[in-house]
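Biologist: Hi, have you got a minute to walk me through this one? I'd like to start with the fold and then look at the contact.
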Amino acid sequence: MRALADTFLLVGAAFAFLAALGLIRMPDVFNRIQAGTKAATLGAITFLIGVGLLHPEWWTKLVAIGGFILLTNPVSSSALARAFLLAGVRPWHAPGDHVRDALPGPTED
Amino acid sequence: MNLAEQSAALLMGLAIFLGLIRMMAGPTNPDRLVAADTLTVITTVALTGFAALFASPLYLDVALIYGVLSFVGMVALARAIEGNRS
(Lines give C-alpha, C1' and ligand atoms only; values in the text may rest on other atoms or scores of the structure.)
Protein backbone atom coordinates (compact mmCIF):
# COMPACT_ATOMS: atom_id res chain seq x y z
CA MET A 1 0.00 0.00 0.00
CA ARG A 2 2.86 2.36 0.82
CA ALA A 3 4.58 1.71 -2.51
CA LEU A 4 1.33 2.30 -4.43
CA ALA A 5 0.74 5.55 -2.53
CA ASP A 6 4.30 6.67 -3.28
CA THR A 7 3.79 5.92 -6.97
CA PHE A 8 0.65 8.06 -7.05
CA LEU A 9 2.40 10.87 -5.17
CA LEU A 10 5.37 10.81 -7.55
CA VAL A 11 3.19 10.81 -10.68
CA GLY A 12 1.06 13.66 -9.32
CA ALA A 13 4.08 15.77 -8.45
CA ALA A 14 5.57 15.04 -11.88
CA PHE A 15 2.40 16.30 -13.59
CA ALA A 16 2.42 19.44 -11.42
CA PHE A 17 6.04 19.99 -12.47
CA LEU A 18 5.10 19.50 -16.14
CA ALA A 19 2.32 22.09 -15.74
CA ALA A 20 4.82 24.62 -14.43
CA LEU A 21 7.25 23.66 -17.21
CA GLY A 22 4.44 24.33 -19.71
CA LEU A 23 4.05 27.79 -18.20
CA ILE A 24 7.71 28.44 -18.98
CA ARG A 25 7.93 26.84 -22.42
CA MET A 26 4.68 27.77 -24.19
CA PRO A 27 4.71 30.75 -26.57
CA ASP A 28 1.71 32.83 -25.55
CA VAL A 29 -0.88 33.26 -22.83
CA PHE A 30 -3.55 30.93 -24.28
CA ASN A 31 -1.10 28.07 -24.75
CA ARG A 32 0.18 28.65 -21.22
CA ILE A 33 -3.29 28.61 -19.70
CA GLN A 34 -4.27 25.31 -21.33
CA ALA A 35 -0.96 23.60 -20.53
CA GLY A 36 -1.06 24.73 -16.91
CA THR A 37 -4.72 23.93 -16.31
CA LYS A 38 -4.95 20.43 -17.74
CA ALA A 39 -1.67 19.10 -16.38
CA ALA A 40 -2.21 20.70 -12.96
CA THR A 41 -5.72 19.24 -12.67
CA LEU A 42 -4.55 15.71 -13.48
CA GLY A 43 -1.57 16.06 -11.15
CA ALA A 44 -3.79 17.34 -8.35
CA ILE A 45 -6.23 14.42 -8.60
CA THR A 46 -3.37 11.90 -8.73
CA PHE A 47 -1.59 13.46 -5.76
CA LEU A 48 -4.81 13.47 -3.72
CA ILE A 49 -5.30 9.76 -4.48
CA GLY A 50 -1.77 9.17 -3.20
CA VAL A 51 -2.44 11.07 0.04
CA GLY A 52 -5.68 9.14 0.45
CA LEU A 53 -3.79 5.86 0.15
CA LEU A 54 -1.30 7.00 2.80
CA HIS A 55 -4.02 8.14 5.21
CA PRO A 56 -7.31 6.34 4.41
CA GLU A 57 -9.11 7.99 7.36
CA TRP A 58 -9.00 11.39 5.60
CA TRP A 59 -10.97 10.34 2.54
CA THR A 60 -13.95 12.66 3.03
CA LYS A 61 -11.94 15.87 3.01
CA LEU A 62 -9.71 14.58 0.20
CA VAL A 63 -12.75 13.78 -1.95
CA ALA A 64 -14.11 17.25 -1.20
CA ILE A 65 -10.85 18.94 -2.23
CA GLY A 66 -10.46 16.77 -5.33
CA GLY A 67 -14.01 17.27 -6.50
CA PHE A 68 -13.73 20.98 -5.94
CA ILE A 69 -10.51 21.23 -7.96
CA LEU A 70 -11.99 19.04 -10.70
CA LEU A 71 -15.09 21.26 -10.94
CA THR A 72 -13.64 24.75 -10.50
CA ASN A 73 -10.17 24.79 -12.02
CA PRO A 74 -11.38 24.47 -15.66
CA VAL A 75 -14.12 27.02 -14.95
CA SER A 76 -11.72 29.65 -13.63
CA SER A 77 -9.26 29.06 -16.46
CA SER A 78 -12.04 29.30 -19.06
CA ALA A 79 -13.25 32.55 -17.50
CA LEU A 80 -9.71 33.93 -17.58
CA ALA A 81 -9.15 32.93 -21.22
CA ARG A 82 -12.50 34.41 -22.27
CA ALA A 83 -11.71 37.63 -20.43
CA PHE A 84 -8.29 37.87 -22.13
CA LEU A 85 -9.84 37.28 -25.55
CA LEU A 86 -12.56 39.88 -24.97
CA ALA A 87 -10.00 42.34 -23.59
CA GLY A 88 -8.07 42.25 -26.85
CA VAL A 89 -5.26 39.72 -26.36
CA ARG A 90 -4.73 38.10 -29.77
CA PRO A 91 -3.71 34.42 -29.98
CA TRP A 92 -0.20 33.62 -31.11
CA HIS A 93 0.12 32.08 -34.56
CA ALA A 94 2.99 30.28 -36.18
CA PRO A 95 4.73 32.05 -39.06
CA GLY A 96 2.96 31.18 -42.28
CA ASP A 97 -0.31 30.21 -40.57
CA HIS A 98 -3.30 31.65 -42.40
CA VAL A 99 -6.10 30.59 -40.06
CA ARG A 100 -5.62 33.61 -37.81
CA ASP A 101 -8.38 35.65 -39.41
CA ALA A 102 -10.90 32.85 -38.80
CA LEU A 103 -10.39 32.94 -35.04
CA PRO A 104 -13.05 34.59 -32.90
CA GLY A 105 -12.12 37.69 -31.05
CA PRO A 106 -12.48 41.43 -30.96
CA THR A 107 -12.78 43.03 -34.33
CA GLU A 108 -10.32 45.67 -35.40
CA ASP A 109 -12.84 48.47 -35.71
CA MET B 1 9.91 9.68 4.12
CA ASN B 2 11.58 7.50 1.54
CA LEU B 3 13.15 8.38 -1.79
CA ALA B 4 9.90 8.52 -3.80
CA GLU B 5 8.30 10.94 -1.36
CA GLN B 6 11.43 13.08 -1.30
CA SER B 7 11.38 13.15 -5.12
CA ALA B 8 7.71 14.16 -5.09
CA ALA B 9 8.46 16.99 -2.65
CA LEU B 10 11.37 18.13 -4.83
CA LEU B 11 9.17 18.13 -7.96
CA MET B 12 6.50 20.15 -6.12
CA GLY B 13 9.11 22.69 -5.06
CA LEU B 14 10.46 22.93 -8.61
CA ALA B 15 6.92 23.43 -9.94
CA ILE B 16 6.30 26.32 -7.55
CA PHE B 17 9.71 27.77 -8.44
CA LEU B 18 9.01 27.67 -12.20
CA GLY B 19 5.58 29.23 -11.65
CA LEU B 20 7.17 32.03 -9.64
CA ILE B 21 9.70 32.60 -12.43
CA ARG B 22 6.87 33.01 -14.94
CA MET B 23 5.02 35.23 -12.47
CA MET B 24 8.00 37.55 -12.08
CA ALA B 25 9.28 37.56 -15.66
CA GLY B 26 6.02 37.32 -17.58
CA PRO B 27 6.09 39.71 -20.53
CA THR B 28 2.53 40.94 -19.94
CA ASN B 29 0.06 41.06 -17.07
CA PRO B 30 -2.14 38.19 -18.42
CA ASP B 31 0.91 35.91 -18.24
CA ARG B 32 1.33 36.74 -14.55
CA LEU B 33 -2.35 36.10 -13.93
CA VAL B 34 -2.20 32.68 -15.63
CA ALA B 35 0.88 31.80 -13.56
CA ALA B 36 -1.00 32.81 -10.39
CA ASP B 37 -3.97 30.63 -11.42
CA THR B 38 -1.77 27.57 -11.88
CA LEU B 39 0.16 28.30 -8.68
CA THR B 40 -3.03 28.31 -6.61
CA VAL B 41 -3.84 24.73 -7.71
CA ILE B 42 -0.26 23.57 -7.08
CA THR B 43 -0.30 25.25 -3.67
CA THR B 44 -3.60 23.59 -2.73
CA VAL B 45 -2.13 20.18 -3.57
CA ALA B 46 1.12 20.99 -1.75
CA LEU B 47 -0.91 21.80 1.38
CA THR B 48 -2.42 18.30 1.31
CA GLY B 49 1.16 17.05 0.96
CA PHE B 50 2.04 18.98 4.12
CA ALA B 51 -0.92 17.32 5.84
CA ALA B 52 0.49 13.90 4.94
CA LEU B 53 4.02 14.97 5.90
CA PHE B 54 3.12 16.26 9.35
CA ALA B 55 0.30 13.67 9.83
CA SER B 56 -2.06 16.50 10.77
CA PRO B 57 -5.51 16.72 9.12
CA LEU B 58 -5.74 20.42 10.01
CA TYR B 59 -3.89 21.29 6.78
CA LEU B 60 -6.70 19.71 4.74
CA ASP B 61 -9.09 22.39 5.99
CA VAL B 62 -6.53 25.04 5.09
CA ALA B 63 -6.21 23.55 1.58
CA LEU B 64 -9.98 23.47 1.06
CA ILE B 65 -10.47 27.09 2.15
CA TYR B 66 -7.48 28.18 0.03
CA GLY B 67 -8.96 26.46 -3.03
CA VAL B 68 -12.37 28.08 -2.54
CA LEU B 69 -10.90 31.55 -2.05
CA SER B 70 -8.56 31.23 -5.05
CA PHE B 71 -11.46 30.19 -7.30
CA VAL B 72 -13.57 33.14 -6.18
CA GLY B 73 -10.64 35.52 -6.61
CA MET B 74 -9.78 34.27 -10.10
CA VAL B 75 -13.39 34.54 -11.32
CA ALA B 76 -13.64 38.05 -9.85
CA LEU B 77 -10.40 39.06 -11.60
CA ALA B 78 -11.68 37.61 -14.87
CA ARG B 79 -14.89 39.62 -14.54
CA ALA B 80 -12.87 42.74 -13.78
CA ILE B 81 -10.70 42.28 -16.89
CA GLU B 82 -13.66 41.47 -19.09
CA GLY B 83 -15.38 44.74 -18.24
CA ASN B 84 -18.98 45.76 -18.62
CA ARG B 85 -19.98 43.85 -21.74
CA SER B 86 -23.02 42.15 -20.16
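Modeller: Sure, here is a quick tour of chain B and its contact with chain A; bear in mind that this is a predicted model.

Biologist: What does the secondary structure of chain B come to?
Modeller: Chain B has three helices and zero strands. Reading from the N terminus, its elements run α-α-α.

Biologist: Is chain B a compact globule or more spread out than that?
Modeller: More spread out than a compact globule, because its radius of gyration is 16 Å, well over the 12 Å that the globule rule gives for 86 residues. Along the principal axes, the C-alpha atoms of chain B fill a box of roughly 50 × 30 × 15 Å.

Biologist: And how many of the 86 residues in chain B are buried, as a percentage?
Modeller: Buried residues account for 40% of them.

Biologist: What about contacts in chain B between residues at least 24 apart?
Modeller: Taking contacts between residues at least 6 apart in sequence, 22% of them join residues at least 24 apart.

Biologist: Okay, switching to the contact. How many residues does each chain put in?
Modeller: Chain B contributes 39 residues and chain A contributes 42 residues.

Biologist: Which elements of chain B give two or more residues to that side?
Modeller: Those are helix H1 (3-25), helix H2 (29-54) and helix H3 (58-82) of chain B. H2(B) gives the largest share of the side that touches chain A, with 14 residues.

Biologist: Nice. How do the residues on that side of chain B divide by type?
Modeller: On the side of chain B that touches chain A, 25 are nonpolar, eight are polar and six are charged.

Notes:
Residues numbered from 1 in each chain as written. Chains lettered and ligands numbered in written order. Predicted model: local features only at pLDDT ≥ 70, side-chain atom pairs only at ≥ 80, totals over all residues. Contact = placed C-beta atoms within 7 Å. Helix = DSSP H or I, 4+ residues; strand = E, 2+ residues; numbered from the N terminus. Nonpolar A, V, L, I, M, F, W, Y, C, P; charged D, E, K, R; others polar. Rg over C-alpha atoms; globule rule 2.2 N^0.38 Å. Buried ≥ 20, exposed ≤ 12 C-beta atoms within 10 Å, placed from the backbone.
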